[in-house]
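Have the model open in your viewer and keep the selection tool at hand. We will go from stop to stop, and at each one I will tell you what to pick and what you will find.

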Amino acid sequence: MAKRLNTLNIVIAVEQSLPEWSGGQWHDGMITNAARINLKRKKKIPDQPRYESKIAEASVNVYKNFIDPNFISEAGLTKKEIVAKHARKISAGFEKYNKNLDRAFAEDGKIFKQRIADSVERYVKNAQITMRLTGDKIRGYGASALVPFWLVANRRIVQLLEHAAKIEGAPVNIIQPLELRGAFKAGLEPLLTQTGHTIIRAEFDRDTINDQNKLVNKFIAGLQDNKYAKFTPGGDSHCDWGVEESGEFYIEVQLSVATP
């Protein structure tokens, strides 16, 4: 059995409040910058090729992660065939995508602005979930910010964790070469926020937790030093979201040395 080096366990806050003015600030900022947002989206996705590389390809990559490799549809299609069919459909969508956005921003952004006004409550709700995961400098960092610090042994991490975690052992840098530590942190933090958000919105569904843990551990395994056990959900080394019987939502990081 691999030798365990350390374990980090962080319980996620049940709720994270936002200032009362935050929803209004978001609304006013979006309305004020409507024209700029429209120009930016036209510059970023100006044509069919860019749409395929920026939107269609990303959509397909996410979609295929949620299909079991052995799945066969009622029509007899394999996972590969289903993904290919989805890719063709998504790739052909630029004209519809562009037309809908042109309509939303027409007449001084009339439809866009109305959609923003109708979305303030949803924005606040989503922002509260995000804050549960990221925290902030004033009230303390959350799990999605702290875990990357732990896994690259950032010297600030022990102090940052004083109020937030159960700890066995010390933080260890698992990334080689060292030059990739910045890229690792920059990639893992938004991934943890995304996966945690997905789990909360799914009301802690077990299958959803398993799917999201696969994504997190696959990312870490792609950049880790091979002297440590490969990161896999529930493995000797892992970074797993979970829910206690009491209902507490948490993330656990366990690091072990690879077995010779």
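Start by selecting T193: with a relative accessible area of 13%, this threonine is buried, because it falls under the 20% limit. A word before you zoom in: what you are looking at is a predicted model. T193 belongs to helix 9, which covers residues 181–201. Now add A143 to the selection and check the spacing between the two C-alpha atoms. They are separated by 8.5 Å, with these positions 50 residues apart along the chain.

**Next stop: the strands**

Select residues 4–11, which form strand 1, together with residues 249–256, which form strand 6. The two strands run antiparallel to each other and are paired over seven bridges. For a single example, highlight T7 and look across to strand 6, where Q254 is its bridge partner.

Keep strand 1 on screen and bring in strand 4, residues 165–168. Here, too, the pairing is antiparallel, this time over four bridges. Pick I10 and you will see A165 of strand 4 standing opposite.

**Salt bridges**

How many salt bridges does the structure hold? The count is three, and we can visit each in turn. As general background, side chains of opposite charge can pair when their charged atoms come close.

You already have strands 1 and 4 in view, so show the side chains of R4 and E168. They meet in a salt bridge, at 2.6 Å from N to O. This contact ties together distant parts of the chain, R4 in strand 1 and E168 in strand 4, 164 residues apart. R4 is partly exposed at 45% relative accessibility, and E168 is partly exposed with a relative accessible area of 45%.

Now move to helix 5, residues 94–118, and select D102. Its side chain forms a salt bridge with that of R41, at 2.7 Å from N to O. Again the pair links distant parts of the chain: D102 sits in helix 5 and R41 in helix 2, 61 residues apart. Are the two partners buried or exposed? D102 is partly exposed at 36% relative accessibility, whereas R41 counts as buried at 10%.

While D102 is selected, add K42 as well. The C-alpha atoms of D102 and K42 lie 9.6 Å apart in space, and the two residues are 60 apart in sequence.

For the remaining salt bridge, select D108 and K113, whose side chains meet at 3.2 Å from N to O. D108 is exposed, with a relative accessible area of 64%, while K113 is partly exposed at 23%.

**Last stop: a charged patch**

Finally, switch to a surface view and color K40, K44, R50 and K54. These residues gather in a patch of positive charge on the surface. Which elements give two or more residues to the positive patch? They are helix 2 (34–44) and helix 3 (48–64). To finish, click on K54, which has its place in helix 3. At 46% relative accessibility, K54 counts as partly exposed.

Technical notes:
Residues numbered from 1 in each chain as written. Predicted model: local features only at pLDDT ≥ 70, side-chain atom pairs only at ≥ 80, totals over all residues. Heavy atoms only, no water. Pairing = 2+ DSSP bridges. Patch = residues over 30% accessible without salt bridge, like charges linked within 9 Å, V, L, I, M, F, W, Y side chains within 5 Å. Areas by Shrake-Rupley, 256 points an atom, 1.4 Å probe, with all protein chains shown as cover. Salt bridge = Lys/Arg side-chain N within 4 Å of Asp/Glu carboxyl O. Lys, Arg positive; Asp, Glu negative; His and termini not counted. Charge placed at Lys NZ, Arg CZ, Asp CG, Glu CD. Buried < 20%, exposed > 50% of the residue type's maximum accessible area, 1.4 Å probe, protein only.
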